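Here are some short exercises to work through with the model open beside you. Try each task on your own, then follow the solution step by step.

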Amino acid sequence: MAGANERSMKALKEVWKRTDNSLCADCGKPDPDWASSTLGVFICLSCSGIHRNIPSISRVKSLKMDYWNDAQVQFLAKHGNAVTKAIYEAHIPIYYYQPTYNDCQVLREQWIRAKYERKEFTEPGKQLPYSDGVKEGILWKRGRDNGQFVPRKFLLSEREGCLKYFTKQDAKEPKINVKIDVINATFQPEKIGNPNGLQITYLKDNKTRNIFVYHESGKEVVDWFNAIRSVQFHYLKVAFPIASDNEIKNRLTRNFLKEGYMEKTGPKQREAFKKRWFTLDHRRLMYFKDPLDAFAKGEVFVGSGENGYSVQKGLPSGTQGNFSWHYGITIVTPDREYLFTCETETDQLEWIRAFTSVINQAMTPQEYAIEAYFKFKS
């Protein structure tokens with residue numbers, strides 16, 4: 001018996017060591033140490049918890065702590081991540097967001113359920129709830145003034161190239177009508193305080209606006225997210241006909257580079273520093289009084305190093321404004337310096353890394369136009 005167990009464990013380790021099994025089949029996390037004995041995939045601990053919630057489809061076991069019999073090991077050897085992915089990920093729409101281990105729970109869970117439970121990607125041309133260019137339904141939207149979430153009707157239309165929402169079910173005119181090409185949707189469960197919280201950011205008159213929504217159903221809110229990406233993809237295909245599908249795909253969703261609290265002072269640099277919530281959305285550094293504000297109190301354009309932008313650790317000597325946090329950052333632009341302070345050194349270094357990553361990138365023609373707008377506005 002002991003010999004059979006050793007033989008089985010040796011065979012299991014051989015399968016486990018294959019290159020295609022070195023990353024989690026669902027989120028890409030390195031060194032997965034769990035596997036599904038019914039699907040034949042190697043997965044990480046976090047994804048194994050999602051698999052546990054669909055026992056009719058997947059039964060998971062630890063590769064280190066659980067016993068695997070010969071038949072189960074042979075099943076893993078016959079399948080593995082590459083073979084199973086070829087079945088369950090055969091026809092993923094180019095615009096569909098495939099989450100990584102850094103993404104939130106609702107995105108990862110619905111990705112796993114879409115693959116194995118609903119089998120959305122096993123057949124070509126399958127009609128999917130986010131693929132027909134129109135989506136209409138109720139989302140709970142945060143009120144701008146009272147902060148309460150109330151049900152609102154939303155309508156997404158590829159033909160019209162926009163997203164609308166209505167304050168009443170029978171309203172004929174929308175409260176807002178946003179062009180699809182200025183929308184960025186990102187999941188923000190912690191900030192919104194709901195596991196299915198979605199932040200929809202858009203530009204109006206070149207200023208950033210935020211809408212915070214959620215739905216009780218994780219599937220429904222992820223369907224909305226992918227429906228927005230689908231409409232954006234088809235819009236961009238028309239707008240940029242020579243761009244490749246992958247180039248367009250990479251433009252669909254921008255996760256914010258960094259968010260969090262910092263203190264800031266005014267342009268005279270003698271005012272007291274005030275605590276604000278900051279969001280770095282590529283070259284736009286926005287600050288808000290509250291993380292869930294609909295409108296930014298101000299925005300700073302962060303250009304490239306070759307155009308006179310830089311980030312420096314610390315504050316200029318002789319800074320007069322009173323501040324309670326002592327880890328300073330100075331953003332240098334061609335026109336002025338912006339002074340910030342962070343609560344901890346870790347925050348300071350993370351912000352500096354985020355700013356540096358932006359400043360080290362060359363600016364596009366569109367970004368030169370945005371820079372010109374910021375200079376004109378100031």
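**Exercise 1. The overall layout**

How many helices and how many strands does the chain have? Add the domain assignment to your notes.

*Solution.* Keep in mind that this is a predicted model. Step one: the chain contains 10 helices and 17 strands. Step two: the assignment gives domain 1 (1-117), domain 2 (134-250) and domain 3 (258-376). Step three: the centres of domain 2 and domain 3, taken over C-alpha atoms, lie 27 Å apart, and their contact takes 13 residues from domain 2 and 13 residues from domain 3. Step four: for overall dimensions, the C-alpha atoms fill a box of roughly 80 × 55 × 45 Å along the principal axes. Of the 378 residues in the chain, 48% are buried.

**Exercise 2. The nonpolar cores**

Find the largest nonpolar core and work out which domains it draws on.

*Solution.* Step one: the largest core has 55 residues, and Ile43, Phe154 and Ile183 are among those with the most contacts inside it. Step two: helix α7 (residues 218-239) provides the largest share of this core, 9 residues. Step three: at least three residues come from each of domain 1 (1-117) and domain 2 (134-250). Step four: zoom in on Ile183; beyond its neighbours within four places in sequence, its contacts include Leu163, Val178, Ile200 and Ile228. Step five: look for a second, separate core, which has 22 residues, including Phe301 and Trp351.

**Exercise 3. Following the salt bridges**

Locate the partner of Lys115 and explain why the pair ties together separate parts of the chain.

*Solution.* Step one: a search of the whole structure finds 20 salt bridges. Step two: in one of them the side chain of Lys115 meets that of Asp26, at 2.6 Å from N to O. Step three: Lys115 sits in helix α5 (residues 105-117) and Asp26 in the loop between α1 (2-16) and β1 (34-36), so the pair ties together parts 89 residues apart in sequence. Step four: both Lys115 and Asp26 are buried. Step five: these two also belong to a network of salt bridges with Lys85 and Glu89.

Now compare two further pairs. Lys135 and Glu220 meet at 3.2 Å, N to O. This pair links strand β4 (residues 134-142) to helix α7, 85 residues apart, and Lys135 and Glu220 are both buried. Lys64 and Asp33 meet at 3.8 Å, N to O, and lie 31 residues apart. Lys64 counts as exposed because its relative accessibility is 60%, and the cut-off for exposed is over 50%.

**Exercise 4. A buried lysine without a partner**

Which side chain of opposite charge is nearest to Lys264, and how far away is it?

*Solution.* Step one: find Lys264 in strand β11 (residues 258-264). Step two: Lys264 is buried, and the nearest side chain of opposite charge, Glu271, is 7.8 Å away. Step three: a salt bridge needs the nitrogen within 4 Å of a carboxyl oxygen, and Lys264 has none. Step four: beyond its neighbours within four places in sequence, Lys264 is in contact with residues including Phe273, Phe278, Tyr287 and Phe340.

**Exercise 5. A histidine in a loop**

Is His326 buried or exposed?

*Solution.* Step one: His326 is in the loop between β15 (310-313) and β16 (327-332). Step two: His326 counts as exposed because its relative accessibility is 60%. Step three: the C-alpha atoms of His326 and Gly147 are separated by 32 Å, with their positions 179 residues apart along the chain.

Conventions. Residues numbered from 1 in each chain as written. Predicted model: local features only at pLDDT ≥ 70, side-chain atom pairs only at ≥ 80, totals over all residues. Heavy atoms only, no water. Helix = DSSP H or I, 4+ residues; strand = E, 2+ residues; numbered from the N terminus. Buried < 20%, exposed > 50% of the residue type's maximum accessible area, 1.4 Å probe, protein only. Lys, Arg positive; Asp, Glu negative; His and termini not counted. Contact = heavy atoms within 4.5 Å. Core = buried A, V, L, I, M, F, W, Y, C linked by side-chain atoms within 4.5 Å. Domains from an automatic or database assignment.
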